[in-house]
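Let's work through a few exercises together, one small step at a time. Keep the sequence and the 3D view open beside you as you read.

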2 protein chains.
Amino acid sequence: MSTKSIKSKNDFSTEEKIKNAARIVFHKKGFAATRTRDISEESGINLALLNYYFRSKENLFNIIMLESLQGFFQSMSSAFNDETSSLENKIEILVNNYIDLLIENPDIPIFILSELRTNPKELISKIDIKKVLLKSYFFKQFQSYVKAGKITPIHPMHIMMNLAGMIVFPFIMSPGLKEIGGIKQDEFNKLMLQRKAMIPKWIQAIIKVK
Amino acid sequence: MSTKSIKSKNDFSTEEKIKNAARIVFHKKGFAATRTRDISEESGINLALLNYYFRSKENLFNIIMLESLQGFFQSMSSAFNDETSSLENKIEILVNNYIDLLIENPDIPIFILSELRTNPKELISKIDIKKVLLKSYFFKQFQSYVKAGKITPIHPMHIMMNLAGMIVFPFIMSPGLKEIGGIKQDEFNKLMLQRKAMIPKWIQAIIKVK
DNA sequence: GTCTATATACGGATAGAC
DNA sequence: GTCTATCCGTATATAGAC
């Protein structure tokens, strides 16, 4: 309505169009099953332009993968390395952030994990997960809670696995649930929103001393 | 040492050699990234014999997938549909069976799930998961426990997700953990064996009324 | 920058000798 | 049943006109 034009949704540069389409197709089908033709069709651009802008399919893939890794782990890193919040708080923030993120981008985890299985070395070196996970303030804090007798003494990796499993795994199995369980998209999302409140409580129940 | 010869590990028919190699390679790389040449090299047989015995790569894949699905879900089905065991018992059996299964075959879940994401319809019709999950005796039993006030009233799907997440997800993320966390195979397996005892207790803590 | 046409490589599958 | 050699479709990438 204003005289200054609003950017319409087709108002992307060719390069952006290709990247957006590549993200969608790579996330859905993985590197090997994706054809450059799929990306050109998804984006509406000419096939040759993909190589003009990105040199090769593999190069384009690496760009998408790097951005996906960063997008996925930055929330974790910021939640885990905040030195002002309590352990309980960190968990709440993490669960909230990730369920929101995954409702918007449900294909990211299976994309990362299935590519990771083939290429481990190169991909993982792109993101310093040691820093995000094992050297995080969350880990230190967990250990100090154990020492103080506040929580039951187990390897903090178990809590990481439980958190990741409870948050991420439902999204990974959702194609199966929808196809066979007959669970529809909005039912699924409703369940996931319920989990935002429940997972932190469950984790508390698991780690508290009896 | 006996006069009757023991079957040596190379004493497989050509058909078996191909299937065994195909299982390994498909599980590790998925359908699209697997070349028939990879399978022939892994098995040591001639490339042309793959088509002689199995007609096509796709046909061979379908055989492997069907067997993998059956192998993965039969334990679940038998544990969930045993009408004699308690809910607590079913969970213990399930956790035990699956962690053993996954330590032996850690690639099965990511294989099934990543193929599922591309082909949902055909694959899933091969196994009646509705029967295994949603119509299982486990589900009915869960509902009756809720009615009796023994456990907190939530959608049983949440428990399914938590179980699956706690059991299966660590194996899916293990390539990442090993590569970056610097966690070695035997450390990982030790953690998984710890979880055999812990997961049932955690699930109890989650579902019990406060 | 964008298009059409094409070069080139690769992978699944088969023909045909043994 | 097993091998070698090869066919042929498909997919990535590029050349070159506009």
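The exercises below deal with a predicted model, and each task is followed by a worked solution.

**Exercise 1. The fold of one chain**

Task: Describe chain A by its helices and strands, its span and its buried residues.

Solution:
- Step 1. Begin with the count: chain A has eleven helices and zero strands.
- Step 2. Walk along the sequence, and chain A reads α-α-α-α-α-α-α-α-α-α-α.
- Step 3. Next, look at the extent: along its principal axes, the C-alpha trace of chain A spans about 65 × 45 × 40 Å.
- Step 4. Now turn to accessibility: chain A has 210 residues, and 46% of them count as buried.
- Step 5. Finally, take the contacts in chain A between residues at least 6 apart in sequence: 70% of these join residues at least 24 apart.

**Exercise 2. Two copies and an axis**

Task: Find out how chain B is superposed on chain A, and what kind of axis relates the two copies.

Solution:
- Step 1. Start with the general idea: two copies of a chain are related by a rotation about an axis and a shift along it.
- Step 2. Here, chain B is superposed on chain A by a rotation of 180° with 0.0 Å of shift along the axis, and the RMSD is 0.1 Å.
- Step 3. The two copies are therefore related as by a two-fold rotation axis.
- Step 4. To place the axis in your view, look for B:Gly165: in chain B, its C-alpha is the nearest to the axis, at 1.9 Å.

**Exercise 3. Where the chains meet**

Task: Work out how many residues of chain B are in contact with chain A, and how much area the two chains bury between them.

Solution:
- Step 1. Count the residues on each side: 49 residues of chain B are in contact with 49 residues of chain A.
- Step 2. Add the area: chain B and chain A bury about 4400 Å² between them, and 76% of this is on carbon and sulfur atoms.
- Step 3. Ask which residues of chain B lose the most area to chain A: they are B:Arg117, B:Met161 and B:Ile180, which together make up 17% of what that side buries.
- Step 4. Compare the two sides: 100% of the interface residues of chain B are also interface residues in chain A, so the copies meet through the same surface.

**Exercise 4. One residue in detail**

Task: Decide whether B:Met157 is buried or exposed, and list its contacts.

Solution:
- Step 1. Locate B:Met157 in helix α10 of chain B, which covers residues 156–181.
- Step 2. Use the cut-off: buried means under 20% relative accessible area. B:Met157 has 1% relative accessibility, so it counts as buried.
- Step 3. Leave out residues up to four places away in sequence, and B:Met157 touches A:Leu177, A:Ile183, A:Leu191, B:Leu134 and B:Phe139.
- Step 4. For a distance exercise, pick B:Ser86: B:Met157 and B:Ser86 are 71 residues apart in sequence and 18 Å apart in space, C-alpha to C-alpha.

**Exercise 5. DNA strand D**

Task: Identify what surrounds DNA strand D, and name some polar contacts to its phosphate oxygens.

Solution:
- Step 1. There are 15 residues around DNA strand D, and the closest are A:Thr36, A:Arg37, A:Lys57, B:Asn46 and B:Tyr53.
- Step 2. Of the strand D atoms that come within 4 Å of the protein, 67% belong to sugar and phosphate.
- Step 3. Two side chains place an N or O atom by a phosphate oxygen of strand D: that of B:Tyr53 at 2.7 Å and that of A:Asn51 at 3.5 Å. A:Lys57 uses a backbone N or O atom, 2.8 Å from a phosphate oxygen.
- Step 4. At least two residues each come from α2 (36–43) and α3 (47–54) of chain A and from α3 (47–54) of chain B. The most come from α3(B), with four residues.
- Step 5. Sorted by class, this surface has five nonpolar, six polar and four charged residues.

**Exercise 6. DNA strand C**

Task: Carry out the analysis for DNA strand C.

Solution:
- Step 1. Around DNA strand C there are 15 residues, the closest being A:Asn46, A:Tyr53, B:Arg35, B:Thr36 and B:Lys57.
- Step 2. Sugar and phosphate make up 66% of the strand C atoms that come within 4 Å of the protein.
- Step 3. The side chain of A:Tyr53 has an N or O atom 2.7 Å from a phosphate oxygen of strand C, while a polar backbone atom of B:Lys57 is 2.7 Å from a phosphate oxygen.
- Step 4. The largest share of this surface, four residues, comes from α3(A).

Terms used: Residues numbered from 1 in each chain as written. Chains lettered and ligands numbered in written order. Predicted model: local features only at pLDDT ≥ 70, side-chain atom pairs only at ≥ 80, totals over all residues. Heavy atoms only, no water. Near = heavy atom within 4 Å. Polar contact = N/O pair within 3.5 Å; in protein donor to acceptor, adjacent residues only side chain to side chain. Nonpolar A, V, L, I, M, F, W, Y, C, P; charged D, E, K, R; others polar. Least-squares fit on C-alpha atoms with pLDDT ≥ 70 in both. Contact = heavy atoms within 4.5 Å. Buried < 20%, exposed > 50% of the residue type's maximum accessible area, 1.4 Å probe, protein only. Buried area = accessible area lost by both parts, 1.4 Å probe.
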